[in-house]
Amino acid sequence: MQNLKGVIKAFTFILVIVCLIQLSFTFMAKVVERRADKVASSQVNTTPPADLKGLNLIMWEDSVEQVFKTVRRNYLDSVSNNPIIDVWALRDFYTYKFSREHELSLGLDLKGGMSLIMEIEEDDVLRKLAYNSKSEIFNKAIENAKKAQTTQQGDFLSLFKQEFEKLSPNAKIAAVFAPIEAYQGKININSTNDEVITVLRKDFNAAIHNTFQVLKTRIDQFGVASPNISLQENTGRIILELPGVDDPNRVRKLLQQTAQLEFWDTYETEEVINYLGEANTTLRDLQAKEKVATTDTTQAASDSTSLGNQLFGDNTATAAADSGAAKQDTSLSNANPLWDVLYPNIITEGQSQRTGDGPMVGRAFGKDTMKVNRLLGRKEIKNIFPRDLQLLWGAHPLGQTGNIYGLYAIKRNPASTEAPLTGAVINDAYQSFDQFGTPEVDISMNAMGAAKWEQMTEAAVNSQVNGKSVKKCIAIVLDNRVFSAPRVQQKISGGRSQITGIDQLDEAVDLANILKSGKLEAQTQIIEEQIIGPSLGKESIRAGLMSLGIGFLLVFLFMVMYYSRSGVIANIAMFLNMFLLISILVSLGASFTLPSMAGILLTLAMAVDANVIINERVREEIVRGKGVRLAVEEGYQHSYNAIIDGNLTTMVIAIVLMVFGLGPIAGFGRVLFWGILTSLFTAVLFSRVVFDSAFKRNIQLNFGNKFTMDLFKHIHIDFMGKRKITYVISSVLILLSLASIIFYGFDYGVDFKGGRSYVVQFDKDVKTEEISKALTVSLDGAPQIKTYGSNNQISVTTAYMIESTAPNTDSIVEAKLFEGLKPFYTDAPSFDGFRTKNVKSSIKIEASIADDIRRSALWAFFFGISGVFLYIFVRFRKWEYATGSILALVHDPIIVMGIFSAFRQVMPFSLEIDQNIVAAVLTLIGYSVNDTVVVFDRIRETLNLHPTRPLIQNVNDSINQTLSRTIMTVVTVLIVSLILFFFGGTSIRGFSFALIVGLLIGTYSSIFVASPIMVDLMSRKKKA
């Protein structure tokens, strides 16, 4: 025994030292960051000029903030590898870079930032592997597999094979891939479908992982502090957490741009203008014949996506601000259908006109680009143009117009879809400035690219147009948009070039990073997005730290007041528990979020429970007349079963949350899992060593005062005699709950039903009814509007355009939101100000991920209940115990969910059903089973001591003996939950409310449901 105590002491000492080192990285990183703040403050003038007011003052403040951030970032970059502690053994560890990578990381809800789940378009990967095969069965099977993903389990390739064989049982997938050169020797025409899928899976997974690596590289080069990026195997989903990001649009563009860089030869306008004129005439004749005026409709938008195979690239320069105009039913004149929407590149000089120079053949408003695409995409019009002509829109508006885009004539090889030169030859790309200070991107190519670039530029310089020598242009195209089309003045050797036509410095920096990281192997789509503003994050930090501090303080004081000196030992153990838990989580790289803080507080409550069980058993032994030292020894021995059983059943719930939970819920489960382990170590092993040390030093220990020692001494309640009454109460509550759930339903959170949710702040109090009326018009349907924390903040939940995959959808929705909310401001902000300052947080979840979240919640509930049942059945070896506990566990969440359903319109805070509530329900299941197991352990012990006494008497005695522990645990956990409710912040108020209600119901069920059912089942068994 002495050896074991020595091992525990040594292990604790080593663990504390390791944890101190781990936490020291956070301290060192903050030291360097404070220096950076001082350096930036000394170099930036933060006092505004006296004559600046209104919008000018806001713009000045924004520019100062950007300069401050730039100076601060440059300083941190310059010292990132410098040793903070200049001691030989510590130089490599204590640098800012290393410390920052190993510091305590705050989650988005505490720091602000952006969280995304991106889905790699697996159907796009498979089509590219098949070189865009035209096989009808192949493409139909891909389409069906995409649909099957929403309802069936399994990876995409397996679902594709299944759907392919459904469509044509005798057909072979090998017929699509065997002719492809890349699969020669790997797949032949006789290969079975299983063999083909095995070969494809390697290339398929490689494309997925390459896409992930490209995105990871882009984020690393973007400069986000402590990003968290992970790939979910077999789902094609990438999870990104980007703390501190304050420009979501820039991140979206950075992540979704495929970076397909191409260099194309071009036509001169004079070579194409006659074809456009003929197209205009033909369109006029067709419209006269059909007597149908073309209108801009939603169908036109979908039609325009199919024009890239011959004449148009898949591109439409439509701005968010023009989205309203895109919906108008505007007829084109019959006289000049094309010229009405596309202004040709014709220059008027006095009384004469001439064709403009260069490859830009025309210009159009952004809202009209879809109309142009639709008109020129008609079959009769395509046949007018040469087969090697492709028309692409410019990437940026022309000059300072803001919404006029150029249309460029690209010369391609009809026999191949490949550009003469692509981004694959780029060795390096970096942002620079031209002679006028305009941002641009310099690129350098490898030897093969340099040779081809030299050939292309030489050919462009020596071109002929209509019998005359012309120096032609070369178009630099990124993702089917023309960034620039410079005229080549001379042959360029060495493989160097510039990409111009860039307005913003950030865009040039991001483009250089994108080109360096390479193109995406597959298209990606953002299916879930959450943005937390920095001010909301600071509020959450304050709320979280306050709830933690108050919770610790009250629980510690309560333990000392109730248990006196033994309460001090319990507090030492609990403090060590918290210290170890936080250090372990930091070392594992876990981000601290509000649910994580809730998990820490719940761990504190469970640690209290373990110490309460020990102290109550010791007090029982003291009451029986034993000395304190012997009472402590036997109290610990008699407590082991209850503590281990209670914690292991809760660990089942924690593991289920880790496996089936998504995002913060999985993080909550991780905190709970490690918290259980640290609680067991500190409460069972460490506290025992502290008691022995106190005995060696002859410290007088007591386990309460006169009031608390006798508080529950004379309580003898006939709990089992009241079981029929409690059966009726429980039955009525369950029936009412089920009725409310079935007929009244729930308020589902956006993560369960899909859609967008925004938290918006105003400069005055607003009424939700008026907001709802305004947004019903703006968002084409009634959104869900609720007050969020205070009367000048609301949450808006809407499904508007959630199924749209257009790249500018988010901007359109935000523009519509701004349009509806603008009248409610006393001093209305600009659109950009609204997005960055007034929208405190936003969430977007598509239907596919919402389905996954609902499915994972159901699986979590099922496996949580099943795991607890199996554990209790194996541990107690009697089905009556397991049945009683499971019925109690089903009883508790039904009533809690019924309360959430019945009172969702009554409570002054949100009772939405979301992932946090699922975590709360599973947590209360863990607590309830913990409570039940403690009672069952005492019943089993009492039955073994008094096998001849009536069963009901033994059960009543057991419940009365554990009543002090039950009440003490309820009080301490209730203290923690109430602190969470009042001080934990708006975002987890529903979560903490579920904990409070579940705590009370779980305590009730362990006494009045689980035990009575077990008694009745065992009584019937004896009678039989």
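In which helix is valine 18 found? In this predicted model, valine 18 belongs to helix H1, which covers residues 2-43. Its relative accessible area is 47%, so valine 18 counts as partly exposed. Valine 18 also helps make a nonpolar surface patch of about 570 Å², together with Phe13, Ile14, Ile17, Leu20 and Ile21.

Lysine 97 is another partly exposed residue, at 44% relative accessible area, and its place is in helix H3 (residues 96-101). The C-alpha atom of lysine 97 lies 8.5 Å from that of valine 79, with their positions 18 residues apart along the chain.

Now to the strands. Strand E14 (residues 439-445) and strand E19 run antiparallel and are joined by four bridges. Across this pairing, serine 444 stands opposite arginine 496 of E19. In a regular strand, side chains alternate between the two faces of the sheet. Strand E19 (residues 496-499) has Ser497 and Ile499 on its covered face, while Arg496 and Gln498 are on the uncovered one.

Aromatic rings turn up in pairs too, with 25 such pairs in the structure. One of them is phenylalanine 177 with tyrosine 183, an edge-to-face pair with 5.7 Å from centre to centre and 85° between the planes. Both of these residues are buried, and they belong to one aromatic cluster with Phe138, Phe160 and Phe164. Rings also meet charges: arginine 904 has its charged end over the ring of tyrosine 744, 4.1 Å from the centre, and arginine 688 lies over the face of tyrosine 636, at 5.3 Å from the ring centre.

As for salt bridges, the count is 34. Lysine 146 pairs up with glutamate 121, their closest N and O atoms being 3.1 Å apart. This salt bridge links distant parts of the chain, 25 residues apart: lysine 146 is in helix H6 (residues 136-148), and glutamate 121 is in the loop between strand E2 and helix H5. Glutamate 121 is buried, at 12%, whereas lysine 146 is partly exposed, at 25%.

Lysine 147 and glutamate 143 form a salt bridge as well, at 3.7 Å between the closest N and O atoms. They are four residues apart in helix H6, so about one helical turn separates them. Here lysine 147 is exposed, at 52%, and glutamate 143 is partly exposed, at 36%.

Aspartate 937 and arginine 940 meet at 2.6 Å, N to O. Both partners are in helix H30 (residues 915-945), three residues apart, so they too are separated by about one helical turn. Aspartate 937 is buried, at 7%, and arginine 940 is buried at 18%.

Terms used
Residues are numbered from 1 along each chain as its sequence is written. This is a predicted model: local features need pLDDT of at least 70, side-chain atom pairs count only at pLDDT 80 or more; totals for chains, interfaces and linings use all residues. Side-chain values use heavy atoms; hydrogens and water are left out. Patches are made of residues with over 30% relative accessible area and no salt bridge: like charges are joined within 9 Å, nonpolar side chains (Val, Leu, Ile, Met, Phe, Trp, Tyr) within 5 Å. Accessible areas come from the Shrake-Rupley method with a 1.4 Å probe; for residues, only the protein chains shown count as cover. A salt bridge is a side-chain nitrogen of Lys or Arg within 4 Å of a carboxyl oxygen of Asp or Glu. Helices (H or I, at least four residues) and strands (E, at least two) are DSSP runs, numbered from the N terminus. Buried means under 20% relative accessible area, exposed over 50%, partly exposed in between (1.4 Å probe, protein chains only). Two strands pair if DSSP finds at least two bridges between them. Rings of Phe, Tyr and Trp (its six-membered ring) pair if their centres lie within 6.5 Å; planes under 30 degrees apart count as stacked, over 60 as edge-to-face and the rest as tilted. A charge sits over a ring if NZ of Lys or CZ of Arg is within 6 Å of the ring centre and within 35 degrees of the ring normal.
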